[in-house]
Amino acid sequence: MKDGHGRVIDYLRISLTDRCNFRCVYCMPEEGVQQLSHFDILRIEEVEQAVRIATTIGIKSVRLTGGEPTVRKGLVDLVRNIAAMPEIENVSMTTNGVLLPRMAADLKAAGLSRVNLSLDTLDAEKFHKITRCGSLDDALRGIDAALESGFNPVKINAVALRSLADGFLDFAKLSIDRPLHVRFIEHMPIGDVSEVDGISWGKDGVISCEEVFNIINEGARAQGLGELVPAGEDKPIGWGPAEYYHFPGAAGTVGFISPLSRHFCSKCNRLRLTADGKLRPCLFSDVEYDLRTALREGTEEDQRAMFLQALGAKPDEHHDKVGTERGMSQIGG
């Protein structure tokens with residue numbers, strides 16, 4: 001179904017929980033956030049019902065996010081039930097990967113199509129500073145588990161920050177020997193954090209994907225590697241706005257997502273559903289629609305009406321607005 005600006009909206013991102021086993025500095029304070037109560041969070045069967053209704057307005061692809069979705073009980077059964085819906089073509093998940101070694105095979109068997117792993121640095125010390133409690137080795141084992149379980153593609157999402165520029169080439173080189181698709185995402189400074197232990201998450205830390213691309217190519221030339229070239233038909237399956245490149249002969253690709261320097265609002269194809277049941281037409285808009293009440297007290301017609309209202313409220317673009325009243329842990333990654 002198309003929105004008011006002629007865009008086909010067929011993709012729903014669902015936050016399953018506001019809980020996480022990390023405390024990433026750009027997502028939440030060290031002590032965590034005030035967690036949603038058991039009553040406030042959507043039950044698994046309510047998430048399934050939301051997807052069923054969403055398919056009636058043309059949703060075909062679902063991504064499960066958090067918080068950290070793998071900490072949500074019932075995840076495997078939820079994936080299985082969503083994947084079994086005839087109208088759903090793809091079910092994917094964004095995760096920090098730490099729990100994948102014990103879950104990846106079951107998720108793949110249940111029908112999960114692919115995984116995106118969030119990883120911002122390959123420096124163990126910086127990784128611990130960013131996550132406040134995470135281990136880089138655990139995250140890397142998650143990548144191995146995703147590949148070994150047969151997920152394809154396996155994408156790595158790295159937030160691009162100026163203070164992490166010395167690691168951009170190492171990240172890009174992960175795509176050479178294994179079928180990994182590394183994507184650099186321009187940091188969108190949502191929240192109050194500006195700098196932690198020398199790593200800037202504020203406006204001063206923002207670096208454009210064009211600069212990241214040039215830094216990678218400069219380093220590649222210095223090491224005798226070929227420069228990145230457009231991936232063409234070799235780009236991975238996906239619904240997002242990344243522009244993909246690869247090193248000559250590489251098994252994977254390097255992608256760039258530029259929400260700030262090159263708005264892709266004209267191609268936006270998604271709605272968001274928060275863990276507490278609010279439909280958000282746009283990441284950068286605080287406009288929300290209360291689907292939870294409709295799921296618990298209303299009819300299927302009421303629930304569909306919520307989706308149609310959210311669809312009709314999608315703005316043409318975010319007009320350079322960066323920042324919302326809710327943080328990313330509350331909205332969903």
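Visitor: What phi does Arg 132 take, just after H4?
Guide: This is a predicted model, and in it Arg 132 takes a positive phi of about 70°. That residue comes just after helix H4.

Visitor: And what happens at the start of H4?
Guide: There, Asp 123 points a side-chain oxygen at the backbone nitrogen of Glu 125, reaching to within 3.0 Å of that nitrogen.

Visitor: Which residues of H4 are buried?
Guide: In H4, which runs over residues 124–131, the buried ones are Lys 126, Phe 127, Ile 130 and Thr 131. They span an arc of only 120° around the axis, so they sit on the same side of H4.

Visitor: OK, zooming out. How many helices and strands does the chain have?
Guide: You can count 10 helices and 14 strands. The chain has 333 residues, and 54% of them are buried.

Visitor: In what order do the strands of the open sheet come?
Guide: There are 12 strands in that sheet, and the order is S9-S10-S11-S6-S5-S4-S3-S2-S1-S12-S13-S14, with mixed pairing. S9 (229–230) and S14 (289–290) are the edge strands; each has a single partner, so one side of each has no neighbour in the sheet.

Visitor: Which helix packs on the sheet, touching S4, S5 and S6?
Guide: That's helix H5, residues 136–148. The direction of H5 makes about 170° with that of S4.

Visitor: Let's stay with S5. Why is S5 called largely enclosed?
Guide: Because 7 of the 7 residues of S5 are buried, the rest of the structure largely encloses this strand. One side has Val 154, Ile 156, Ala 158 and Ala 160, the other has Lys 155, Asn 157 and Val 159, and all of these are buried.

Visitor: How many residues of S4 are buried?
Guide: For S4, 4 of its 5 residues are buried, so mostly covered is a fair description.

Visitor: In what sense do S4 and S5 pair?
Guide: They pair in the parallel sense, over 4 bridges. S5 also pairs with S6 in the parallel sense, over 7 bridges. On the other side of S4, strand S3 (residues 90–95) pairs with S4 in the parallel sense over 4 bridges.

Visitor: Can you walk me across, residue by residue?
Guide: Sure, starting in S3. Thr 94 has Asn 116 in S4 as its bridge partner. Asn 116 in turn has Lys 155 in S5 as a bridge partner. Lys 155 stands opposite His 181 in S6, and the bridge partner of His 181 in S11 is Thr 253. S6 and S11 pair in the parallel sense over 5 bridges.

Visitor: New topic: which residues touch the most other members of the largest nonpolar core?
Guide: Those are Leu 64, Phe 184, Ile 216 and Phe 256, in a core of 81 residues. Helix H1 (residues 44–55) gives the largest share, 6 residues. A second, separate core has 5 residues, including Ile 185 and Tyr 244.

Visitor: What does Leu 64 touch?
Guide: Leaving out residues up to four places away in sequence, the list includes Ile 14, Leu 16, Pro 69, Val 91 and Met 93. Thr 94, from our walk across the sheet, is also one of the residues Leu 64 touches.

Visitor: Last one: is Asn 217 buried or exposed?
Guide: Asn 217 has 4% relative accessibility, so this residue counts as buried. You'll find Asn 217 in helix H7, residues 209–222. Setting aside neighbours within four places in sequence, Asn 217 is in contact with Glu 227 and Leu 228.

Conventions
Residues are numbered from 1 along each chain as its sequence is written. This is a predicted model: local features need pLDDT of at least 70, side-chain atom pairs count only at pLDDT 80 or more; totals for chains, interfaces and linings use all residues. Side-chain values use heavy atoms; hydrogens and water are left out. Buried means under 20% relative accessible area, exposed over 50%, partly exposed in between (1.4 Å probe, protein chains only). Helices (H or I, at least four residues) and strands (E, at least two) are DSSP runs, numbered from the N terminus. The arc is that of the directions from the helix axis to the C-beta atoms. A polar contact is a pair of N or O atoms within 3.5 Å; within protein, one must be able to donate a hydrogen and the other to accept it, and residues adjacent in sequence count only if both atoms are side-chain atoms. A nonpolar core is a set of buried Ala, Val, Leu, Ile, Met, Phe, Trp, Tyr and Cys residues joined through side-chain atoms within 4.5 Å. Contact means heavy atoms within 4.5 Å. Two strands pair if DSSP finds at least two bridges between them. Axes are lines fitted to C-alpha atoms, for helices over the stretch in contact, and angles run from 0 to 180 degrees between N-to-C directions.
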